[in-house]
Amino acid sequence: MVVLAPLTRQRSWNDVPQPHAILYYSQRTTKGGLLIAEATGVSNTAQGFPQASGIWTKEQVETWKRIIDAVHATGDIFFCRIWHAGRASNTDMVS
């Protein structure tokens with residue numbers, strides 16, 4: 001089994017993963033492998049970095065579904081690494 005270690009990519013816009021994330025994760029798949037997602041915030045107060053992805057709105061969930069579908073199509077397993085930055089959360093990023 002090949003495992004892609006998690007990264008915090010900070011390439012989302014308004015906490016929503018962008019279409020290039022589908023290509024990014026799809027390029028790193030291998031049948032039977034495991035991809036661990038970037039740090040994915042659970043709320044707008046959980047973010048520790050600007051432009052990090054989230055999974056607390058319908059738009060974010062729908063975007064992640066497209067990424068996960070692309071990864072599953074290659075036979076890989078995808079693990080969404082949810083997180084909360086805790087006291088390190090940056091309140092300047094709260095919308």
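Which backbone oxygen does the side chain of Q47 reach? It is the backbone oxygen of A52, at 2.9 Å. The legends below walk through this and other close-ups of a predicted model.

**View 1. Q47, a buried side chain with polar partners.** Q47 sits in the loop between strand 3 and helix 2. Its relative accessibility is 2%, so Q47 counts as buried, the cut-off being under 20%. Besides reaching the backbone oxygen of A52 at 2.9 Å, the side chain of Q47 makes a polar contact of 3.2 Å with the side chain of D15.

**View 2. W56 and its neighbours in contact.** W56 belongs to the loop that runs between strand 3 (40-41) and helix 2 (58-72). Leaving aside residues up to four places away in sequence, W56 touches D15, G41, V42, S43, N44 and Q47. Two of those names are familiar from the previous view: D15 and Q47 are the pair joined by the 3.2 Å polar contact. With a relative accessible area of 28%, W56 is partly exposed. For a sense of scale, W56 and G75 are 19 residues apart in sequence, while their C-alpha atoms lie 26 Å apart in space.

**View 3. The largest nonpolar core.** Nine residues is the tally here, written as 9 residues: A21, Y24, Y25, L35, A37, W64, I67, V71 and F78. Helix 1 (20-26) and helix 2 are the elements that give two or more residues to this core. In soluble globular proteins, nonpolar side chains tend to be buried together. Zoom in on A21 and you'll find that A21 touches R9 and I67, again not counting residues up to four places away in sequence.

**View 4. A salt bridge on helix 2.** How many salt bridges does the structure hold? Just 1. The side chains of K65 and E62 meet in a salt bridge, with N to O at 3.3 Å. Both residues lie in helix 2, 3 residues apart, which is about one turn of the helix. K65 is partly exposed at a relative accessible area of 43%, and E62 also counts as partly exposed, at 31% relative accessibility.

**View 5. A nonpolar patch at the surface.** M1, V3 and I77 make a nonpolar surface patch of about 330 Å². Of these, V3 has its place in strand 1 (residues 3-4). V3 counts as partly exposed because its relative accessibility is 46%, and that label covers values between 20% and 50%.

How values were computed: Residues numbered from 1 in each chain as written. Predicted model: local features only at pLDDT ≥ 70, side-chain atom pairs only at ≥ 80, totals over all residues. Heavy atoms only, no water. Helix = DSSP H or I, 4+ residues; strand = E, 2+ residues; numbered from the N terminus. Buried < 20%, exposed > 50% of the residue type's maximum accessible area, 1.4 Å probe, protein only. Contact = heavy atoms within 4.5 Å. Polar contact = N/O pair within 3.5 Å; in protein donor to acceptor, adjacent residues only side chain to side chain. Patch = residues over 30% accessible without salt bridge, like charges linked within 9 Å, V, L, I, M, F, W, Y side chains within 5 Å. Areas by Shrake-Rupley, 256 points an atom, 1.4 Å probe, with all protein chains shown as cover. Salt bridge = Lys/Arg side-chain N within 4 Å of Asp/Glu carboxyl O. Core = buried A, V, L, I, M, F, W, Y, C linked by side-chain atoms within 4.5 Å.
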